[in-house]
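Got the structure open in your viewer? Keep the selection tool handy, and we'll go from stop to stop together.

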Amino acid sequence: MQPLTDLLRDQHVWMRQLLDEIRHLGLGKEAGRARLRQVRGLIVEHVRREDAELLTSLQRHPATKALAQTHAAEMRHLSGEILALFESWQHGAGDLAFARNYGRLLGLLNLRWTREEVHLYPAYEDHFLRADTA
């Protein structure tokens with residue numbers, strides 16, 4: 001079975017690929033809108049999995065509790081903003097609004113993914129995965 005953090009990292013790669021396809025296709029084509037629905041679903045599933053599996057574990061460990069709480073608070077704020085962008089695109093935001101908001105979305109996601117991969121996932125691996133293999 002694939003470790004949780006490897007799966008979450010793989011999802012980051014997949015989300016980046018889908019977002020790049022959306023940028024190339026645009027939302028004027030059904031293929032672009034299909035990718036939009038696909039990446040939105042993946043983001044929702046990714047956040048759900050992080051909350052249910054990763055953050056729950058991290059919040060139980062004294063050494064990682066504060067990190068998990070900080071991440072959860074940041075994600076609550078970002079999730080609303082990210083989902084609002086998806087909703088505006090699904091309801092016919094124009095090309096200019098899409099281009100402007102696409103850059104903002106990508107910036108928010110890249111910042112979040114970097115923080116996860118640099119801070120959150122290594123903490124989980126140090127306190128849970130390595131302990132399981134010892």
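Start by selecting Glu-45, which counts as partly exposed because its relative accessibility is 26% in this predicted model. You'll find Glu-45 in helix H2. Now add Val-118 to the selection: Glu-45 and Val-118 sit 73 residues apart in sequence, and their C-alpha atoms are 21 Å apart in space.

Next, let's look at charged pairs. Side chains of opposite charge can pair when their charged atoms come close. How many salt bridges does the count come to? The total is 13, and here are a few to click on.

Select Glu-81 and Arg-104. They form a salt bridge, with the closest N and O atoms 2.1 Å apart. This pair links distant parts of the chain, since Glu-81 is in helix H3 and Arg-104 is in helix H4, 23 residues apart. Glu-81 counts as partly exposed at 22% relative accessibility, and Arg-104 is also partly exposed, at 44%. While you're on salt bridges, go back to Glu-45 and add Arg-48, Arg-49 and Glu-53: salt bridges that share partners join these four into one network.

Now pick Glu-30 and Arg-37. Here the salt bridge brings the closest N and O atoms to 2.5 Å from each other. Glu-30 has a relative accessible area of 41%, so it is partly exposed. Arg-37, at 44% relative accessibility, counts as partly exposed too.

One more pair: select Asp-6 and Arg-9. Their salt bridge has its closest N and O atoms 3.7 Å apart. Both belong to helix H1 and are 3 residues apart, which means about one helical turn separates them. Asp-6 is partly exposed, with a relative accessible area of 31%, while Arg-9 falls in the partly exposed class at 22%.

Since you're already there, select the whole of helix H1, residues 4-25. Does its length fit what you'd expect, and what should its 22 residues span? At 1.5 Å a residue they should span 32 Å, and the end C-alpha atoms are 31 Å apart, so the two agree.

Colour the buried residues of H1 next: Leu-4, Thr-5, Leu-8, Gln-11, His-12, Met-15, Leu-18, Leu-19 and Ile-22. Where do they sit around the helix axis? They cover an arc of only 135°, which puts them on the same side of H1. The general rule helps here: an α-helix has 3.6 residues a turn, so residues three or four places apart point the same way. Step just past the end of H1 and you reach Gly-26, which takes a positive phi of about 75°.

For the last stop, look for empty space inside. Rolling a probe the size of a water molecule over the atoms shows where such space is left. The structure holds 1 cavity of 30 Å³ or more, and the largest cavity has a volume of about 50 Å³. To see what surrounds it, select Met-15, Ile-43, His-46, Val-47, Glu-50, Met-75, Ile-82, Leu-109, Arg-112, Trp-113 and Glu-116, which line the largest cavity. Helices H2 (30-60), H3 (65-90) and H4 (95-133) are the elements that each give two or more residues to that lining. Try colouring the lining by class: you should get 7 nonpolar, 1 polar and 3 charged residues. Met-15 is worth a second click, as it is among the buried residues of H1 and also lines the largest cavity.

Definitions and conventions. Residues numbered from 1 in each chain as written. Predicted model: local features only at pLDDT ≥ 70, side-chain atom pairs only at ≥ 80, totals over all residues. Heavy atoms only, no water. 1 Å grid on protein atoms, 1.4 Å probe; cavity = no way out; pocket = protein on both sides within 12 Å on 5 of 7 lines; lining within 4 Å. Points joined across faces, edges and corners; volume = space filled by probe spheres on them. Helix = DSSP H or I, 4+ residues; strand = E, 2+ residues; numbered from the N terminus. Nonpolar A, V, L, I, M, F, W, Y, C, P; charged D, E, K, R; others polar. Expected span 1.5 Å × (residues − 1). Buried < 20%, exposed > 50% of the residue type's maximum accessible area, 1.4 Å probe, protein only. Arc of directions from axis to C-beta. Salt bridge = Lys/Arg side-chain N within 4 Å of Asp/Glu carboxyl O.
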